[in-house]
Amino acid sequence: MRKKLLDILACPIDKYYPLELIEFSVKDDVIVDGVLICNKCNRYYPIIDEIPEMLPDELRTKERELDFLNRWKEKLPEKVIYEGKPFNLKV
Ligand SMILES: [Zn+2]
């Protein structure tokens, strides 16, 4: 996604705005991998292959989200890894 999109994205659950962006990899000014974080409800929204996945909880799959968290563990803030919604790595 392009960074500019951040200007219009809000959390789909509580409409909180703006979302916090953490970039993992960027190519030609396009964010390829990253995460969007809602600092109101502590939900995170993965950016995978340039696409921000802004889905409500019931359409998200635990396995996919945990794969994402594990893959980017080094770059994600602890609040997402251990307290992020709807799924996190807290045992
Ligand atoms: Zn939210």
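**The first hairpin**

Start with strand 1 and strand 2, which form a hairpin with two residues between them. Select Asp28 in the turn: its phi is positive, about 50 degrees. The model is predicted, so read each stop as a feature of that model. Asp28 sits in the loop between strand 1 (20-27) and strand 2 (30-37). Is Asp28 buried or exposed? Asp28 is exposed, because 6 other C-beta atoms lie within 10 Å, and the cut-off for exposed is 12 or fewer.

Now show the backbone of both strands. Strand 1 and strand 2 are antiparallel and share seven bridges. Pick Lys27 to see one of the pairs: its bridge partner in strand 2 is Val30.

Draw a distance from the turn to a remote point. From Asp28 to Glu83, C-alpha to C-alpha, the separation is 32 Å. Along the chain these two residues are 55 apart.

**Val26, in strand 1**

Select Val26 next, in strand 1. Val26 has 12 other C-beta atoms within 10 Å, so Val26 is exposed. Which residues does Val26 touch, beyond those up to four places away in sequence? They are Ile31 and Val32. Then draw a line from Val26 to Lys62. The C-alpha atoms are 26 Å apart in space, and the residues are 36 apart in sequence.

**Across the sheet**

Widen the selection to the sheet. It is open, has four strands and follows the order 1-2-3-4, with antiparallel pairing. Which strands lie at the edges? They are strand 1 and strand 4 (51-52), and each pairs on one side only. Strands of a sheet pair through backbone hydrogen bonds.

Move to strand 2 and strand 3. These two run antiparallel, and four bridges join strand 2 to strand 3 (residues 44-48). Select Leu36 and look across to strand 3: its bridge partner there is Tyr45.

Continue into the loop between strand 3 and strand 4 and pick Glu50. Glu50 is a residue other than glycine with a positive phi, near 80 degrees. It counts as partly exposed because it has 13 C-beta neighbours inside 10 Å.

**The nonpolar core**

Select Cys11, Leu19, Ile31, Val35, Leu36, Ile37, Cys38, Tyr44, Ile47, Leu69, Leu76 and Val80 together. These twelve residues make up the largest nonpolar core. Strand 2 and strand 3 each supply at least two residues of this core. Which strand gives the most to this core? Strand 2 does, with four residues. In soluble globular proteins, nonpolar side chains tend to be buried together.

Stay on Ile31, one of the core residues. Leaving aside neighbours within four places in sequence, the contacts of Ile31 are Met1, Lys3, Glu23, Val26, Ile47 and Glu50. Val26 and Glu50, both on this list, were earlier stops on the tour.

**Backbone oddities**

Most residues other than glycine have a negative phi, and most peptide bonds are trans. Three further stops depart from this pattern.

- Select Lys15, in the segment before strand 1. Lys15 has a positive phi, near 65 degrees. Lys15 is exposed because 9 other C-beta atoms lie within 10 Å.
- Go to Pro18, also in the segment before strand 1. The peptide bond from Tyr17 to Pro18 is cis, with omega near -5 degrees.
- Jump to Pro86, in the segment after helix 2 (78-83). The peptide bond that joins Lys85 and Pro86 is cis, with omega about 5 degrees.

**Zoom out**

Finish with the whole chain, coloured by secondary structure. How many helices and strands does the chain have? There are two helices and four strands. Along the sequence they follow the pattern β-β-β-β-α-α.

Orient the view along the principal axes. The C-alpha atoms fill a box of roughly 35 × 25 × 20 Å. The radius of gyration is 12 Å, which agrees with a compact globule, because 91 residues packed that way would have a value near 12 Å.

Colour by burial as a last step. Of the 91 residues, 18% count as buried. For the contact map, take contacts with a separation of 6 or more: residues 24 or more positions apart account for 42% of them.

Notes. Residues are numbered from 1 along each chain as its sequence is written. This is a predicted model: local features need pLDDT of at least 70, side-chain atom pairs count only at pLDDT 80 or more; totals for chains, interfaces and linings use all residues. A residue is buried if 20 or more other C-beta atoms lie within 10 Å of its own, exposed if 12 or fewer, and partly exposed in between; C-beta atoms are placed from the backbone. Two strands pair if DSSP finds at least two bridges between them. Two residues are in contact if their C-beta atoms, placed from the backbone, lie within 7 Å. The radius of gyration is taken over C-alpha atoms; the globule rule is 2.2 Å times the number of residues to the power 0.38. A nonpolar core is a set of buried Ala, Val, Leu, Ile, Met, Phe, Trp, Tyr and Cys residues joined through C-beta atoms within 7 Å.
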